[in-house]
Amino acid sequence: MTDFIKVENLVFDYIKSEDESTFRAIDDVSFTVEKGSFTAIIGQNGSGKSTLAKNINGLLLPTAGKIYVDGLDSADPENIWEVRQRVAMVFQNPDNQIVSSVVEDDVAFGPENLGVDPKEIRKRVDEALKSVEMYEFRRKAPHLLSGGQKQRIAIAGAVAMEPECIVFDEPTAMLDPNGRKEVIRAVRALNDVEGITVILITHYMEEVIHADHVYVMDKGSVKMQGTPKEIFSQVEKLKELRLSVPQVTLLSYELKKAGVPLPDGILETEELIRELKKVQ
Ligand code: ADP
Ligand code: MG
């Protein structure tokens with residue numbers, strides 16, 4: 001496996017325009033993201049997740065430290081378009097990301113701006129819509145769609161740019177439970193089927209159980225990292241960081257505390273059932 005993204009001792013300070021005082025939003029963060037992997041980033045509001053995301057695709061540039069995307073230094077002005085071409089972003093609010101009154105025009109918007117050949121655009125738009133299961137909606141008006149459908153249109157727009165990696169910054173935060181499920185299914189399929197490198201920032205612990213690697217941020221630094229099982233085995237530590245664990249993990253944890261012999265870090269219902277059967 002090759003490292004697609006390398007974050008080296010990243011520091012990012014916001015500078016207030018009024019008095020030029022600085023606020024350190026990212027404080028010495030280092031990690032790597034392998035090509036084709038699924039990385040999740042969790043953390044409280046204000047822990048620096050969005051700032052990190054924007055640094056990864058060159059919307060913000062490091063105050064100190066380095067970010068390499070596919071070997072390209074994000075701080076080199078000559079690389080900026082190449083970095084943004086390789087790393088697309090999907091944000092929280094689908095309404096802010098939709099620009100056209102017809103679904104397929106909206107998905108075509110990005111590649112049109114890149115000057116892609118119209119025939120190629122047609123192909124990309126159809127494939128992108130299929131990859132998020134929204135092809136049948138191609139002639140519809142986005143504003144008539146549900147939140148989850150709109151977000152999948154925004155995702156198709158990112159896919160049509162043919163990035164290597166997509167950073168999803170809390171893509172389900174504004175959605176109802178059904179919309180959340182649809183969007184997470186689409187995100188997982190992009191990773192599993194299309195091989196797109198995924199970085200998912202989220203507040204919902206259930207959404208990270210299938211990630212290859214999880215980073216937990218707090219106050220601008222990475223406080224924990226590991227597989228979902230490793231992370232969610234540490235319920236007390238997560239509580240200290242004011243984070244929860246998936247419901248089934250919490251239930252298993254409480255059962256264990258009450259004396260039921262269960263392993264740590266149970267992530268799925270089926271797993272708990274299997275373990276409970278062993279107990280009898
Ligand atoms: P998260 O996405 O984890 O909620 P952010 O990266 O948005 O966190 O913010 C990290 C910290 O940086 C927060 O304390 C936030 O108030 C501060 N911050 C974010 N954007 C700005 C900005 N444009 N100017 C000054 N401070 C900011
Ligand atoms: Mg954020």
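**Reading salt bridges, burial and a cavity in a predicted model**

Reply: The side chains of Lys66 and Asp73 form a salt bridge, with an N to O distance of 2.8 Å. The model is predicted, and this pair serves as a starting point.

Me: How buried or exposed are Lys66 and Asp73?

Reply: A residue is classed as buried when its relative accessible area is under 20%. Lys66 has 30% relative accessibility and therefore counts as partly exposed. Asp73, at 16%, counts as buried.

Me: How many salt bridges does a search of the whole structure find?

Reply: The search finds 22 salt bridges. One of them joins the side chains of Lys49 and Glu170, at 3.9 Å from N to O. This pair links distant parts of the chain, 121 residues apart. Lys49 belongs to helix H1 (residues 49-56), while Glu170 sits in the loop between strand S7 (165-169) and helix H6 (177-192). Lys49 is buried, with a relative accessible area of 5%, and Glu170 counts as buried at 9% relative accessibility.

Me: Which parts does the salt bridge between Glu182 and Arg152 tie together?

Reply: The side chains of Glu182 and Arg152 meet at 2.9 Å, N to O. Glu182 lies in helix H6 and Arg152 in helix H5, so the salt bridge ties together parts that are 30 residues apart in sequence. Both residues are buried. Elsewhere, salt bridges with shared partners connect Glu104, Arg122, Asp126 and Arg139 in one network.

Me: How should one read the buried residues of helix H3?

Reply: The general idea is one of periodicity: an α-helix has 3.6 residues a turn, so residues three or four places apart point the same way. In helix H3 (residues 103-113), the buried residues are Val103, Glu104, Asp106, Val107, Ala108, Gly110 and Pro111. Their cover includes helix H4 (118-131) and helix H5 (147-159). Just after H3, Gly115 adopts a positive phi of about 80°.

Me: Which residues is Asp218 in contact with, leaving aside its neighbours within four places in sequence?

Reply: Contact is judged by heavy atoms within 4.5 Å. On that basis, Asp218 is in contact with Ser47, Lys223, Leu241 and Arg242. Asp218 is part of strand S9 (residues 213-218) and counts as buried, at 7% relative accessibility.

Me: Is Val222 buried or partly exposed, and what does Val222 touch?

Reply: Val222, in strand S10 (residues 221-226), is partly exposed, with a relative accessible area of 24%. Not counting residues up to four places away in sequence, Val222 touches Val29, Tyr215, Val216 and Met217. Separation in sequence and separation in space can also be read side by side here: Val222 and Ser30 are 192 residues apart in sequence and 8.2 Å apart from C-alpha to C-alpha.

Me: Where is the largest cavity lined, and by which residues?

Reply: The general approach is to roll a probe the size of a water molecule over the atoms, which shows where empty space is left. This structure holds one cavity of 30 Å³ or more. About 70 Å³ of space lies in the largest cavity. The lining consists of Phe232, Ser233, Val235, Thr249, Ser252, Tyr253, Lys256, Pro263, Asp264, Gly265 and Ile266. Helix H9 (residues 247-257) supplies four residues, the largest share of that lining.

Me: How do the lining residues of the largest cavity divide by character?

Reply: They divide into five nonpolar, four polar and two charged residues.

Note on methods
Residues numbered from 1 in each chain as written. Chains lettered and ligands numbered in written order. Heavy atoms only, no water. Helix = DSSP H or I, 4+ residues; strand = E, 2+ residues; numbered from the N terminus. Buried < 20%, exposed > 50% of the residue type's maximum accessible area, 1.4 Å probe, protein only. Salt bridge = Lys/Arg side-chain N within 4 Å of Asp/Glu carboxyl O. 1 Å grid on protein atoms, 1.4 Å probe; cavity = no way out; pocket = protein on both sides within 12 Å on 5 of 7 lines; lining within 4 Å. Points joined across faces, edges and corners; volume = space filled by probe spheres on them. Nonpolar A, V, L, I, M, F, W, Y, C, P; charged D, E, K, R; others polar.
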